[in-house]
Amino acid sequence: MTENMLWTCGFVLACILFYRFALMPLFLFSGTFYPLDTLSLAVRWIGWVSPLWHATELGRWLSYGHSVPGAMLAVHAGFLLAMLGGGTWLGIRGYERRLAS
C-alpha cells in the first residue's frame with residue numbers, strides 16, 4: 001500500500017469513529033428527536049451541555065412558537081454565543097500559532 005492509501009484509510013476510520021462516538025450521542029441525548037424530559041437525570045445533563053439542544057430549543061421557538069420562558073431564551077442564546085466566541089478564539093489562536101511557526 002502506498003502512503004497516500006494508508007493516510008486515506010486512517011482518515012476514513014477517524015471519521016467513522018468520530019461519527020459513532022461523538023455525533024450519534026450528540027443527537028441521541030440532545031432532545032432533537034424526542035423531548036429531553038423523557039431522559040433520566042443521569043443522562044439529561046449531556047443534553048444540557050450540548051449546543052445542539054440549545055439550538056433545537058431556539059429553533060422550535062422561532063419556527064412554531066414552542067413555549068419557552070424568557071430567561072431560558074436568554075440562556076440558550078447566551079450559551080450559543082459563548083460557544084461561538086470560544087470557538088472563534090480557539091480558531092484564531094491556532095491560526096496565529098501556525099503562522100508564527
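Visitor: What classes of residue make up the lining of the largest pocket?

Guide: In this predicted model, the lining of the largest pocket comprises four nonpolar, two polar and four charged residues. Gly counts as polar, and Gly-31 is one of the lining residues. Asp, Glu and Arg count as charged; the lining includes Asp-37, Arg-44, Glu-57 and Arg-60. Pro-35, Leu-36, Trp-48 and Trp-53 are also among the lining residues, and Pro, Leu and Trp count as nonpolar.

Visitor: What volume does the largest pocket have?

Guide: The volume of the largest pocket is about 170 Å³. Helix 2 (41-48) and helix 3 (51-64) are the elements that each give two or more residues to its lining. Helix 3 gives the most, with three residues.

Visitor: Why are helix 3 and helix 4 called oblique to each other?

Guide: The axes of helix 3 and helix 4 (residues 70-100) cross at roughly 130 degrees. Angles of 65 to 115 degrees count as roughly perpendicular and those over 145 as roughly antiparallel. The value of roughly 130 degrees belongs to neither range, and the pair is therefore oblique. The two axes come within 9 Å, and helix 3 passes helix 4 in a left-handed crossing.

Visitor: Which residues make the contact of helix 3 with helix 4?

Guide: Helix 3 contributes Pro-51, Trp-53, His-54, Ala-55, Glu-57, Leu-58 and Trp-61. From helix 4 come Met-72, Leu-73, His-76, Ala-77, Phe-79, Leu-80 and Met-83. By class, the residues of this contact are eleven nonpolar, two polar and one charged.

Notes. Residues numbered from 1 in each chain as written. Predicted model: local features only at pLDDT ≥ 70, side-chain atom pairs only at ≥ 80, totals over all residues. Heavy atoms only, no water. 1 Å grid on protein atoms, 1.4 Å probe; cavity = no way out; pocket = protein on both sides within 12 Å on 5 of 7 lines; lining within 4 Å. Points joined across faces, edges and corners; volume = space filled by probe spheres on them. Helix = DSSP H or I, 4+ residues; strand = E, 2+ residues; numbered from the N terminus. Axes fitted to C-alpha atoms, helices over the stretch in contact; angles between N-to-C directions. Parallel < 35°, antiparallel > 145°, perpendicular 65-115°, else oblique. Left-handed = near helix turned anticlockwise from the far one by under 90°. Contact = heavy atoms within 4.5 Å.
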